Amino acid sequence: MTGFVTPDRDLLMGWLEEKDPRKIELILNEAYRIKEETIGTKVYLRGLIELSNRCSKDCYYCGIRASNKLVERYELNDEQVYECAMFAWKARYGSLVLQAGERSGPRFTSRVTKLVKGIKEMTNGELGITLSLGEQEREVYQEWFDAGAHRYLLRIESSNPDLYKKIHPNNEKHSWEKRVNAIRNLISAGYQTGTGIMIGLPFQTTRDLADDLLFIRDIGVHMVGMGPYLRHSQTPLGKMVHDNQDLSLTLMMVALLRHLMPKINIAATTAMQVIDPFGREKAVMAGANIIMPNMTISEVRKNYQIYENKPGIEDDAAISKGKLEENLQKMGIRIGWAEWGDSKAF
Ligand code: SF4
C-alpha cells in the first residue's frame, strides 16, 4: 500500500473495485496496522439506548419512517432510560448512545436535556454520552452539549446530493444542504462529531463511495459509523429488487477510511452483523475500533428496525453483552473497559 499520500477519487475507486483477494487482504491488513500504530488495538463500547421510534421524517429506506403505519410506536420512560444507563455504567461500558427518530420542539429538547443531566449525575459523570437524535437547531445542540453530552452522530447517508434526493422525499424537511450544515454546527458547538453513509444503496456507484470517503475526510469529523444498506420491505426503497449481502465492500470502505483518517473512531455497526455473524469483528480487523452493543429493553427492540432482520431483537442487554464479549474474545480483540475511548482526531 503505497500512494496513500494524496489519494484522489480515481485511486479510491480503483481500490474499491479491487478483485484480487491478495491485494484486498493487503489493504485490510495495512488498515489494521495503521490503527495499531496510531490509536492502538482496543475496542471501545458504547451501549445503545433506542429511546423512541417516533420520527417526523420519511426517509425512503427506513422501517420506522413516519408513514409506516404498521410500526408500533414507543417511547421509553425516564426510569427505563436510567436503568439502561446504570446497566452500561455497571457493565463498565464507558459510554452510551442515546438514539431516537428525529423530532423537534421544546418538549423533546428539554426531555433530552433532563435525561443527559440525570445520567451524568447518577454515574458521577463517568459515563460518556453520545447523542444520535437527528437534525436540530444549533441552540438545541448547544443545550445538550452544555447538559453533558459530548459526542453526536449524524449520518449524511450519501455525500452525493442527487443520490440523497433519490432516497429521501424531495422537500425542506429532507434537505441534504441542511444536513451538511447541521454537521458543521455540531462541530462548531464543540461535539466530537460523527457522520456516516450507507454502502450498497440502489443507484449508488463506486464513484459515489469514493466521494463519500473524501467528503468524510474533508468535512473534518472525528468519528464515522457506516454500514451496508439493508432493505426494509415496508419502505419505498425496500420494495425495489435489491438485496445487499456483500460485506466485503463495507470492509474495504472501513479500511480505506482508516488509511485516510488514521486517528478517527470508526464504528463496527450492527448492520454488518446482519450480513455476517462476525461482521463487526471483521470490521475491527479492518480498522474499526468502536462497537455499540444494544441495551434497549427487549420488549421494544423489535419496534426499532430501520432495516429488517436486525440481530438480537429477542435479547436483553445482558445477553447482548455476553454474546459480544464471546465473539470479541474468539477473535482476540481487547476491550477498553470503563474508558471513554474518545476520538484521537478531536
Ligand atoms: S432514518 Fe432516521 S430520520 Fe429517517 S425516517 Fe428513519 S429514524 Fe427518521
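## Around the ligand

In this predicted model, the shell around the ligand holds 5 nonpolar, 2 polar and 4 charged residues. The charged members include Lys57, Asp58, Arg65 and Glu102. Gly101 and Gly134 also surround the ligand, and glycine is counted here as polar. Cys55, Cys59, Cys62, Ile64 and Ile306 are in the shell too.

## Strand β5 and its partners

Strand β5 covers residues 192–195. Both of its faces are covered. Gln192 and Gly194 lie on one side, and both are buried. Thr193 and Thr195 lie on the other side, and they are buried as well.

Which strands pair with β5? Strand β4, residues 151–153, pairs with β5 in the parallel sense over 3 bridges. In this pairing, Arg151 stands opposite Gln192. Strand β7, residues 223–228, also pairs with β5 in the parallel sense, over 2 bridges. Here Thr195 stands opposite Val224. Gln192 and Thr195 are thus both buried and set opposite a residue of a partner strand.

## Helix α5

Helix α5 runs over residues 138–147. Its buried residues are Val140, Tyr141 and Trp144. Looking down the helix axis, these buried residues fall within an arc of 100°, so they line one face of α5.

What covers the buried residues of α5? The cover includes two helices, α4 (106–122) and α7 (176–189). It also includes the strands β3 (128–132) and β4. Strand β4 therefore appears twice in this picture: it pairs with β5, and it helps cover the buried residues of α5.

Just after α5 comes Gly148. Gly148 takes a positive phi of about 130°.

Conventions:
Residues are numbered from 1 along each chain as its sequence is written. This is a predicted model: local features need pLDDT of at least 70, side-chain atom pairs count only at pLDDT 80 or more; totals for chains, interfaces and linings use all residues. A residue is near a molecule or strand if its C-beta atom, placed from the backbone, lies within 6 Å of it. A residue is buried if 20 or more other C-beta atoms lie within 10 Å of its own, exposed if 12 or fewer, and partly exposed in between; C-beta atoms are placed from the backbone. Helices (H or I, at least four residues) and strands (E, at least two) are DSSP runs, numbered from the N terminus. Two strands pair if DSSP finds at least two bridges between them. The arc is that of the directions from the helix axis to the C-beta atoms. Two residues are in contact if their C-beta atoms, placed from the backbone, lie within 7 Å.
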